[in-house]
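Me: I would like to go through this model with you one point at a time. Please give the cut-offs behind each term as it comes up.

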Amino acid sequence: MNLFYIILLLLLGALFLMAELVLLPGVTIGTILALACYAGAIYLGFTFYGTTAGVVVIATVAVLSLLTVIFSLRAKTWQRFSLKKNIDSAQSELPENEVKVGDRGVAISRIAPMGKVEIAGKYYEAKSVDVLIDQREQVEVVGFENNSIVVRKAQNI
């Protein structure tokens, strides 16, 4: 039964070492758990099976750790965890290219100080110049700032 625990601790140590290398880079809980498992396996080897078995467990720990590091750092291992989908979207047009100062629209949401507006059938992020603008009020474009439109309440003519 003690041999079962030694093998179990060796496998858990390798698992924690791989998790440390692949999922949790840095000296964190994975390293500590791997070292604890390896130390437990070495202790059990020396205690229950003698010096020769203890040295064999130490050699097994070294070889198993080396194989785990090599397997974890292979390119194919990382490809299993990598994103395989291509991102084919593009940045939307800047509002400066589609909307001009003086254009009018409607507030889709309350602009306090940021909100959404509809101008010429398109929706844009907008910022109010000075006052809060309620939903469905008429707005007028007065400028542009950080890819958003600066608006104010439209003056009735």
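Reply: To begin with a definition, a residue is buried under 20% relative accessible area, exposed over 50% and partly exposed in between, with a 1.4 Å probe and protein chains only. The model is a predicted one, in which local features need pLDDT of at least 70 and side-chain atom pairs count only at pLDDT 80 or more, whereas totals for chains, interfaces and linings use all residues. Residues are numbered from 1 along each chain as its sequence is written, and side-chain values use heavy atoms, with hydrogens and water left out.

Me: What percentage of the residues in the protein is buried?
Reply: The protein has 157 residues, and its accessible surface (Shrake-Rupley method, 1.4 Å probe, with only the protein chains shown as cover for residues) comes to about 10,500 Å², 64% of it belonging to carbon and sulfur atoms. The buried share of the residues is 27%.

Me: In what order do the elements of the protein run from the N terminus?
Reply: Helices (H or I, at least four residues) and strands (E, at least two) are taken as DSSP runs and numbered from the N terminus. The protein has 4 helices and 5 strands, and their order is α-α-α-α-β-β-β-β-β.

Me: Which strands each supply at least two residues of the largest nonpolar core?
Reply: A nonpolar core is a set of buried Ala, Val, Leu, Ile, Met, Phe, Trp, Tyr and Cys residues joined through side-chain atoms within 4.5 Å. The largest has 12 residues, including Val99, Ile111, Tyr124 and Val151. The strands that each give at least two of its residues are E2 (114–119), E3 (122–128), E4 (138–145) and E5 (148–153).

Me: How many residues does the other core have?
Reply: This other core lies apart from the largest one, and Leu10, Leu17, Ala41 and Val61 are among its members. Its residue count is 10.

Me: Which helix gives the most to the nonpolar patch?
Reply: Patch residues have over 30% relative accessible area and no salt bridge; like charges are joined within 9 Å and nonpolar side chains (Val, Leu, Ile, Met, Phe, Trp, Tyr) within 5 Å, a salt bridge being a side-chain nitrogen of Lys or Arg within 4 Å of a carboxyl oxygen of Asp or Glu. Leu3, Ile7, Leu11, Phe48 and Tyr49 form the patch, with about 510 Å² of accessible area together. Helix H1 (2–22) and helix H2 (29–73) each supply at least two of these residues, and the helix that gives the most, with 3 residues, is H1.

Me: How many bridges join E4 to E5?
Reply: Two strands pair if DSSP finds at least two bridges between them. E3 and E5 pair in the parallel sense over 3 bridges, with serine 128 opposite valine 151 in E5. E4 and E5 run antiparallel, with valine 139 opposite lysine 153 in E5, and the number of bridges that join E4 to E5 is 6.

Me: Which residue is joined to proline 113 by a cis peptide bond?
Reply: Proline 113 has its place in the loop between strand E1 (104–107) and E2. The omega of this cis bond is about -10 degrees, and the residue joined to proline 113 is alanine 112.

Me: Is alanine 120 buried or exposed?
Reply: Alanine 120 lies in the loop between E2 and E3 and takes a positive phi near 55 degrees. Because its relative accessible area is 79%, alanine 120 counts as exposed.
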